[in-house]
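Hi,

Here is the structure I said I would pass on. Have a look at it first, and my notes follow below.

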Amino acid sequence: MTQEFPENDAPRGIFITFEGGEGAGKTTHIRFLSEKLRERGREVVCLREPGGTGVGEELRAVVLDPKNENLADEAELLIYEAARAQIVAEVIRPALDRGAVVLCDRFADSTVAYQVHGRGLDADFVERANAFACQGTVPDRTILMVTGGTAKTGLARATHRNGADRLEMAGEEFHTRVNEGFLALARDHADRVRVVQSASKKSKTAARVFRELADLFPWMADVADDPAFFAALDVRRPRPQGAGSGNRAGGGKGRSGGNRGGQGGSARGKGSGGGSSHNGNGNRGGSGGGDDRAGKSAGKERKPQTNKPSGSPGRASTPKGASAHGAGNLGSEGAPDARAPRGKGQGR
Ligand SMILES: Nc1ncnc2c1ncn2[C@@H]1O[C@H](COP(=O)(O)OP(=O)(O)OP(=O)(O)O)[C@@H](O)[C@H]1O
Ligand SMILES: Cc1cn([C@H]2C[C@H](O)[C@@H](COP(=O)(O)O)O2)c(=O)[nH]c1=O
């Protein structure tokens, strides 16, 4: 006999993942979405994968570091799965249990696209490994961002500021297979995975994202047709002086960790390095902060750090490896990097 619960009896979080090839626009739109959800009172946890926990950010630094060019494909897979098992147990499930919206920059679909379609690993084995790491945690919705051009388009977007990490250096053919793998996933899981073009203005892309989430958050249907709601996304922010590109030497996208929660974290860079504000677990809670470019990898400095739990998916601000603990969550309110918490709100 099935036990029934009154509708509002148990907290019910919402788990949304953003997927796509390099430079597809995931971080940008996680940040914006997290800000708008927080403005409506939701707890938002922004995370990135690999990362989002202290262990995960350290693993990120290893797997993205161009120095580890001899890493076996099998070892690469297990690193991603280890980071995933940790973030699911340490951050995602607890956040969903308390009713938060969890926005994660990449999740298990990336492993299918990169390690199965890109590297050629066995699809059934990867599926089982994903299931083991996720322990039944499946996204309610996945936004697959696509640039529409060749793989070069996204790679250029992803690397023009901070150079390339180990995965970005894998070659155009590899990334073409990855992009095709994502599209195959969208065809196979059409209910969950929604394709959003990110080739045009960010404001238009964001409106498309909101439309694809409107069944989960009914208020988004109302704002999706209002260009003014998204206009801030098209305002160019000046680049900080001295920002340049370069190879990510020590590790690329990944360093840091921590959840980017909180307001304001700045992190940048995909790399390691811990981000700025960490919540206890490394989540960056808080609102606001962070720009989206924290470095992704060690070396690279870019995206705001995030533990990717709060506002934006996080790339920690800390340098890739460094993170203090846990980071990886892109904070909570506001900041792109941190993805953080949110509370209750309308709609879900
Ligand atoms: N419509 C768009 N939506 C999002 N980003 C865009 C768009 N058009 C151009 N961009 C630019 O693309 C670049 C990559 O965006 P972003 O860092 O959000 O992508 P990403 O998918 O998180 O990248 P990565 O694979 O490196 O994590 C940024 O410089 C962003 O300003
Ligand atoms: C989760 C996951 C990620 N990857 C790759 C995809 C990217 O090249 C990097 C992550 O860095 P980004 O800042 O999100 O671009 O790792 C992968 O190959 N497999 C995975 O499971």
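To start with the record: an unreviewed UniProt entry lists residues 18-202 as "domain: Thymidylate kinase-like". What you have here is a predicted model, so please read everything below with that in mind. In the model, the span 18-202 is 54% helix and 14% strand, and its end C-alpha atoms lie 15 Å apart.

Now the protein as a whole. There are ten helices and ten strands, and 59% of the 348 residues are buried. If you take contacts between residues at least 6 apart in sequence, 78% of them join residues at least 24 apart.

On to the cores. The largest nonpolar core holds 30 residues, and Leu37, Leu103, Phe210, Leu213, Phe217 and Met220 have the most contacts inside it. Quite a few elements feed into this core with at least two residues each: strands E1 (14-20), E2 (42-48), E3 (101-105) and E4 (141-146), plus helices H1 (26-39), H8 (202-213), H9 (219-223) and H10 (227-230). Of these, H8 gives the most, with five residues. If you want one residue to click on, try methionine 220: leaving aside neighbours within four places in sequence, it is in contact with Leu33, Leu37, Phe210, Leu213 and Ala214. Another core, of 21 residues, lies apart from the largest one and includes Ile79, Ala113, Phe174 and Val193. As a rule, nonpolar side chains in soluble globular proteins tend to be buried together.

Next, a pocket. The second largest one has about 470 Å³ of space. It is lined by 21 residues, and those closest to its centre are Asp109, Val112, Glu127, Asn130 and Arg192. Helices H4 (108-118), H5 (123-134) and H7 (172-188) each give two or more residues to the lining, and H5 gives the most, with seven. By class, the lining has eleven nonpolar, five polar and five charged residues.

There is also a spot around proline 50 that I would zoom in on. Proline 50 sits in the loop between E2 and helix H2 (54-64), and the peptide bond leading into it from glutamate 49 is cis, with omega near -10°. Which residues does tyrosine 80 touch, not counting those up to four places away in sequence? Glu49 and Pro50 are among them, along with Val63, Leu64, Gln115 and Leu167. Tyrosine 80 itself is in helix H3 (residues 73-97). Although tyrosine 80 and proline 50 are 30 residues apart in sequence, their C-alpha atoms are 6.2 Å apart in space. Tyrosine 80 counts as buried because its relative accessible area is 9%, under the 20% cut-off.

Last, two backbone oddities to check on your side. Arginine 106, in the loop between E3 and H4, has a positive phi near 85° despite not being a glycine. Glutamine 135, in the loop between H5 and E4, also has a positive phi, near 50°. Are these two buried or exposed? Arginine 106 is at 11% relative accessibility, so it counts as buried. Glutamine 135 is at 47%, so it falls in the partly exposed class.

Cheers

Definitions and conventions:
Residues numbered from 1 in each chain as written. Chains lettered and ligands numbered in written order. Predicted model: local features only at pLDDT ≥ 70, side-chain atom pairs only at ≥ 80, totals over all residues. Heavy atoms only, no water. Core = buried A, V, L, I, M, F, W, Y, C linked by side-chain atoms within 4.5 Å. Buried < 20%, exposed > 50% of the residue type's maximum accessible area, 1.4 Å probe, protein only. Helix = DSSP H or I, 4+ residues; strand = E, 2+ residues; numbered from the N terminus. Contact = heavy atoms within 4.5 Å. UniProt positions renumbered as here; feature names shortened; annotations may be inferred. 1 Å grid on protein atoms, 1.4 Å probe; cavity = no way out; pocket = protein on both sides within 12 Å on 5 of 7 lines; lining within 4 Å. Points joined across faces, edges and corners; volume = space filled by probe spheres on them. Nonpolar A, V, L, I, M, F, W, Y, C, P; charged D, E, K, R; others polar.
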